[in-house]
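Me: I should like to learn how to read a few features of a protein model. May we go through them one by one?

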Amino acid sequence: MNEFALIEQLTRSWPRPASVVAGVGEDCAVLDLGIADQFVLFKTDAVVEGVHFTAEAAPAQIGHKALARCLSDIAAMAGTPTHALITLGLPRDHDPAVLEEIYRGIGALADRYQVALVGGETTTNPDRLLLSVSVLGTVPKDRCLLRSGAQPGDALFVTGELGGALAGKHLEFQPRLREAQWLAAHFPVHSMIDLSDGLAGDLRHVLKASGVGAELHGPSIPISRAARRRGPGQSSGRTPFVAALTDGEDFELLFSVSSRAAVSLLDQWNRQFPELRLTCVGKITRTPDLTLRDKTGCKPLVLHGYLHFS
Ligand SMILES: [Mg+2]
């Protein structure tokens with residue numbers, strides 16, 4: 001059973017009170033706690049030594065990554081993060097200087113986005129370091145973006161470049177908070193997700209939640225330099241193109257927007273965020289299939305994204 005089937009099974013019987021606008025299956029829980037015009041966003045995430053970072057990773061970057069992953073999910077709803085709790089599972093032989101560096105990494109990112117660190121928990125985890133972060137945020141009710149809003153005919157966009165994040169980007173990425181808020185404020189964005197498991201995997205979550213399909217335009221996929229550098233033939237024949245579609249941890253935004261707005265969106269984006277590439281990679285379709293178009297024609301996309309277990 002893969003991780004998504006397991007989550008579905010474990011959460012099937014959870015009650016859904018009226019305060020829960022969106023829960024399992026979105027990037028964050030979206031809660032209506034009675035605050036005028038605002039939803040509360042609620043998110044937790046963990047990084048584990050040997051899974052999300054190696055023992056050689058710089059401790060400040062481990063801290064950065066742990067908080068940035070949660071902030072990226074807040075960005076996926078076009079929200080603003082406000083408060084965070086930090087839970088540490090420490091190996092028995094931990095080095096206090098390393099912990100200080102981890103907290104320095106967390107603190108620098110929290111400062112940058114004005115997230116207040118307000119507590120947490122420390123426990124032991126005998127063999128390896130575990131770092132878990134929970135974040136609260138807010139979003140205006142009329143600007144909250146979900147995975148479930150994609151509509152046939154929408155243009156599909158992705159920020160940045162994809163693939164090869166494990167070469168370094170995964171430890172130092174910036175959550176796309178400002179970009180997401182700007183998009184939600186100015187354009188008819190219908191759905192959004194942050195790319196944690198690869199475009200081929202995460203796009204399927206959007207399609208399933210929205211009950212639609214998509215056609216990706218192969219030659220348009222923005223392939224990162226790190227994915228290209230790895231070159232074809234390495235790691236069992238994976239090409240840079242396959243890496244761009246299936247590597248995890250890009251933490252870029254994937255969103256769909258009314259096709260009428262696509263041209264003006266690209267135009268204004270390039271003025272607003274000249275240093276961050278924005279690419280139209282395809283369109284949302286009514287038929288619920290995921291296809292890839294290239295110069296040889298249009299065929300079903302058989303690639304999937306990263307799974308923690310399957
Ligand atoms: Mg996410």
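**Reading the sheet, the cysteines and the aromatic rings**

Reply: Let us begin with a pair of strands in this predicted model. Strand S7 (residues 155-159) and strand S10 (residues 253-257) run antiparallel and are joined by four bridges.

Me: Which residue of S10 is the bridge partner of Val158?

Reply: The partner of Val158 is Leu254.

Me: In what order do the strands of the open sheet lie?

Reply: The seven strands follow the order S8-S10-S7-S11-S9-S12-S13, and their pairing is mixed. Strand S8 (189-194) and strand S13 (297-300) are the edge strands, each pairing on one side only. On average, neighbouring strands of the sheet are turned by 25° against each other, with direction ignored. Helix H2 (residues 59-76) packs on this sheet and touches S8 and S10; the direction of H2 makes about 170° with that of S8.

Me: How many disulfides does the structure hold?

Reply: A disulfide is a covalent bond between the sulfur atoms of two cysteines. This structure holds zero disulfides. Cys70 is in none, and its nearest cysteine sulfur, that of Cys28, is 8.0 Å away. With 0% relative accessibility, Cys70 counts as buried.

Me: Why is the sulfur of Cys280 not in a bond with that of Cys298?

Reply: The closest cysteine sulfur to that of Cys280 is in Cys298, and because the two are 14 Å apart, they are too far for a bond. Cys280 counts as partly exposed, at 32% relative accessibility.

Me: How is a pair of aromatic rings to be read, and how many such pairs are found in the whole structure?

Reply: Such a pair is described by the distance of the ring centres and the angle of the planes. A search of the whole structure finds six aromatic pairs. One of them is Phe157 with Phe255, which is stacked, at 5.6 Å centre to centre and 15° between the planes. This pair links distant parts of the chain, since Phe157 is in strand S7 and Phe255 in strand S10, 98 residues apart. Phe157 is buried at 0% relative accessible area, and Phe255 is buried at 1%.

Me: What are the distance and the angle for Phe173 and Phe251?

Reply: Phe173 and Phe251 are stacked as well, with 4.1 Å centre to centre and 15° between the planes. Phe173 lies in the loop between S7 and helix H4 (177-186), and Phe251 in the loop between helix H8 (240-246) and S10, so the pair ties together parts that are 78 residues apart in sequence. Phe173 counts as buried at 3% relative accessibility, and Phe251 is likewise buried at 3%.

Me: Which residues form an aromatic cluster?

Reply: Trp182, Phe187, Trp269 and Phe273 form one aromatic cluster.

Methods
Residues are numbered from 1 along each chain as its sequence is written. This is a predicted model: local features need pLDDT of at least 70, side-chain atom pairs count only at pLDDT 80 or more; totals for chains, interfaces and linings use all residues. Side-chain values use heavy atoms; hydrogens and water are left out. Two strands pair if DSSP finds at least two bridges between them. Helices (H or I, at least four residues) and strands (E, at least two) are DSSP runs, numbered from the N terminus. Axes are lines fitted to C-alpha atoms, for helices over the stretch in contact, and angles run from 0 to 180 degrees between N-to-C directions. Contact means heavy atoms within 4.5 Å. A disulfide is a pair of cysteine sulfur atoms within 2.5 Å. Buried means under 20% relative accessible area, exposed over 50%, partly exposed in between (1.4 Å probe, protein chains only). Rings of Phe, Tyr and Trp (its six-membered ring) pair if their centres lie within 6.5 Å; planes under 30 degrees apart count as stacked, over 60 as edge-to-face and the rest as tilted.
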